[in-house]
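Before accepting a label such as salt bridge or buried, it is reasonable to ask which value and which cut-off stand behind that label. Please look at the structure with that in mind.

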Amino acid sequence: MSGRGLLMWDEAVTKYDFGHSHPMDPVRLALTMGLVRAYGLDRSMQLVAAKPAGASTLRLVHREDYIEAVRAASADPKAADQSYGLGTVDDPAFAGMHDASALIAGQSVGAAEAVWRGDAAHAVNFAGGLHHAMPGSASGFCIYNDASLAIARLLELGAERVAYVDVDVHHGDGVQAAFWDDPRVLTVSLHEHPRTLFPQTGWPEETGASGAAEGSAVNVALPAGTGDEGWLRAFHAVVPELLADFRPQVLVTQHGADTHFEDPLAHLAVSLDAQRAVQEACHALAHEHVEGGRWVALGGGGYAVVDVVPRSWTHLVGIAAHEPVDPESVLPSSWRDEVYARTRQLAPARMTDGRWPVAWRGWEEGYDPADRLDQAVLATRRAVFPLRGLLA
């Protein structure tokens, strides 16, 4: 394995733009890359601009008729076919939509290929993580499901066990659906409870297709209002034991920053510091349970586009580069100037929300049957762990 990680980046990913009033503002990608550069992490990682995913790659997950519908909407946005989820409030059609979406997918597929080949142990595509897109439709701000495409490409290359861990506030429904009946892929999603948040899926009882794939889908449905301690407790009560048992050949993780207490579209109360702690945990788990430490880390949701997303994903890049950014560090003045120039907003001051290090209580210390968070964890363990031969 190469000593340097890969950072997948092409400025053109910022053309994935649903319009001025849409919450997924591509400025979050530009500001993240600006902060990565301000900390010099672009010199610690090898920058790679992979080619867009071609038709044959997109067909690993998406139906041909859907790809053609995206192409048509890309050429004439006003004629978008809403039966494919295109031209809707969540997924407005825009000129060049196919090219921008295929480019983001190409970065994730390229990251997976490079890690599988051994070009690097770790690769990051923070523009990716568009986990809601289905084989035949757009959904939840996602046109092509780059996470699923990366995993499908790994399987095509010969991988027999790929683990996917999704810590976005929304359920990773598109990835779960893509591999629902495939025991080679373990999908784990920690998300706000479907009673209170889109896409209203991700119940503990969703455990994969009956037969060989039963137990290959894992869902931790967290109560609205869950904060740092509960979020980390839930992660560590489920994920490490599953990865130790599954022994993946590659770990793919999705790090949506919309779990944050400032995010306008959801209801968890997680800090930047807890997000950083989970990123570090994923990195450590890759080195502990995956041959060669193969780790592909993706972005995802996140709609506090100035205060949260750039800091969270810059931490992710630093961790993957083995040069973690000190949470107490003051943000570079050059980046704060860039923020104001682009957004007319004031940038945050430090790389922390003031909660580092974050304390949490391990599951092995016992659980409280009256606690809503512990009830959620126990529901997941009881639904899945026996199917995998593990004690609930």
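The questions and answers below concern this predicted model and the reasons for some of its labels.

Q: How do you know that Glu68 forms a salt bridge with Arg71?
A: The closest N and O atoms of Glu68 and Arg71 are 3.9 Å apart, and a salt bridge requires a side-chain nitrogen of Lys or Arg within 4 Å of a carboxyl oxygen of Asp or Glu, so the pair meets the rule. Both residues lie in helix α4 (residues 64-75), three residues apart, about one turn of the helix.

Q: Why is Glu68 called partly exposed?
A: Glu68 has a relative accessibility of 40%, and because the partly exposed class runs between 20% and 50%, the residue falls into that class. Its partner Arg71, with a relative accessible area of 35%, is likewise partly exposed.

Q: What makes the pair Glu280 and Arg276 a salt bridge?
A: The closest N and O atoms of Glu280 and Arg276 are 2.9 Å apart, which is within the 4 Å that the rule allows, and therefore the pair counts as a salt bridge. Glu280 and Arg276 both belong to helix α9 (residues 272-289), where they are four residues apart, about one turn of the helix.

Q: Is Arg276 buried or exposed, and what makes it so?
A: Arg276 has 5% relative accessibility, and because buried means under 20%, Arg276 counts as buried. Glu280, in contrast, has a relative accessible area of 29% and is therefore partly exposed.

Q: How do you know that the side chains of Arg350 and Glu328 meet in a salt bridge?
A: The N to O distance between Arg350 and Glu328 is 2.3 Å, and because the limit is 4 Å, the pair satisfies the rule.

Q: Why can the pair Arg350 and Glu328 be said to tie together parts of the chain?
A: Arg350 lies in the loop between α11 (333-343) and α12 (372-384), whereas Glu328 lies in the loop between α10 (309-320) and α11, so the pair links parts that are 22 residues apart in sequence. Arg350 is partly exposed, with a relative accessible area of 32%, and Glu328 is partly exposed at 40%.

Q: What joins Glu113, Arg153 and Glu156 into one network?
A: Salt bridges that share partners join Glu113, Arg153 and Glu156.

Q: How many salt bridges does the rule give?
A: The count comes to 17 salt bridges by this rule.

How values were computed. Residues are numbered from 1 along each chain as its sequence is written. This is a predicted model: local features need pLDDT of at least 70, side-chain atom pairs count only at pLDDT 80 or more; totals for chains, interfaces and linings use all residues. Side-chain values use heavy atoms; hydrogens and water are left out. Helices (H or I, at least four residues) and strands (E, at least two) are DSSP runs, numbered from the N terminus. Buried means under 20% relative accessible area, exposed over 50%, partly exposed in between (1.4 Å probe, protein chains only).
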